[in-house]
Amino acid sequence: MAAGHRNEDYPEEIDDQLTSFNSSVSSVKTMLEKLMSIPRNEEPQKLNPLDQAKLDLMSVYTLNSLFWMYLVTQGVNPREHGIKQELERIRLCMNRVKEITEKKKAARLDKGAAARFVRSALYEPEEKDDRRKSASKKKAEGKSDTPPSKLLKRR
């Protein structure tokens, strides 16, 4: 699969695909080596439970997906194997974690602020009627809130 070297065991048309597949497998191997080098007993202490669940689900899903690919390379139909149910179970767990994450991000109702907002938006006829009556009484008595000096300037 190296440039200039071609194996006669497979058709020439898939040479590029096999080269790409080989580089992908190498990068997966590198990533798995990094993941496996981290001590599992130290990592959970650094993460909160939700992040730990995400890490565990990602690891399990990745390994099961690799096993799915292994079954395909061995000529076994993975849809008829138990791995399909396991991947479905993991996917359901991932959806539950996603729902929990979304609930944490959802806006919370501040009941006190909502009550103040509604109270200020409602019409309260008694208070407004009282203000009008007191204003009309002042006018009737000849009292005004404006000082006399300003009244003279207006005239």
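**Exercise 1. Classify the exposure of L47 and place the residue in the chain.**

Step 1. L47 has a relative accessible area of 29%. Buried means under 20% relative accessible area, exposed over 50%, and partly exposed in between, with a 1.4 Å probe and protein chains only. L47 is therefore partly exposed.

Step 2. The model is predicted, so local features need pLDDT of at least 70 and side-chain atom pairs count only at pLDDT 80 or more, whereas totals for chains, interfaces and linings use all residues. Residues are numbered from 1 along each chain as its sequence is written, and side-chain values use heavy atoms, with hydrogens and water left out.

Step 3. The loop between α2 (43–46) and α3 holds L47. Helices (H or I, at least four residues) and strands (E, at least two) are DSSP runs, numbered from the N terminus.

Step 4. Leaving aside residues up to four places away in sequence, L47 touches Q52 and L55. A contact means heavy atoms within 4.5 Å.

**Exercise 2. Describe the overall make-up of the chain and the confidence of the prediction.**

Step 1. The protein chain has 7 helices and 0 strands, and its pattern along the sequence is α-α-α-α-α-α-α.

Step 2. Of the 155 residues in the protein chain, 11% are buried. The accessible surface is about 13500 Å², and carbon and sulfur atoms account for 57% of that surface. Such areas come from the Shrake-Rupley method with a 1.4 Å probe; for residues, only the protein chains shown count as cover.

Step 3. The mean pLDDT (the predictor's confidence in each residue, from 0 to 100) is 78 for the protein chain, and 70% of its residues reach 70 or more. Confidence is highest in α4, at a mean of 92, and lowest in helix α7 (residues 148–154), at 53.

**Exercise 3. Identify the largest nonpolar core and the helices that supply it.**

Step 1. A nonpolar core is a set of buried Ala, Val, Leu, Ile, Met, Phe, Trp, Tyr and Cys residues joined through side-chain atoms within 4.5 Å. The largest one has 5 residues, namely L50, L57, I90, C93 and V97.

Step 2. Two elements, α3 (49–73) and α4 (83–105), each give two or more residues to this core. The largest share, 3 residues, is from α4.

Step 3. Beyond residues up to four places away in sequence, L57 touches I90, C93, M94 and V97.

**Exercise 4. Locate the salt bridges and explain their spacing.**

Step 1. The structure holds 2 salt bridges. Each is a side-chain nitrogen of Lys or Arg within 4 Å of a carboxyl oxygen of Asp or Glu.

Step 2. E86 pairs with R89, and their closest N and O atoms are 2.7 Å apart. These residues are 3 apart in helix α4, which means that about one helical turn separates E86 from R89. E86 is partly exposed at 26%, and R89 is partly exposed at 46%.

Step 3. R91 pairs with E88, with the closest N and O atoms 2.4 Å apart. R91 and E88 are likewise 3 residues apart in helix α4, about one helical turn. Their relative accessible areas are 37% for R91 and 36% for E88.

**Exercise 5. Find a nonpolar patch on the surface and characterise L122.**

Step 1. F117, V118 and L122 form a nonpolar patch, with about 330 Å² of accessible area together. Patches are made of residues with over 30% relative accessible area and no salt bridge: like charges are joined within 9 Å, nonpolar side chains (Val, Leu, Ile, Met, Phe, Trp, Tyr) within 5 Å.

Step 2. L122 is in the loop between α5 (111–121) and α6 (125–141). Its relative accessibility is 54%, so L122 counts as exposed.
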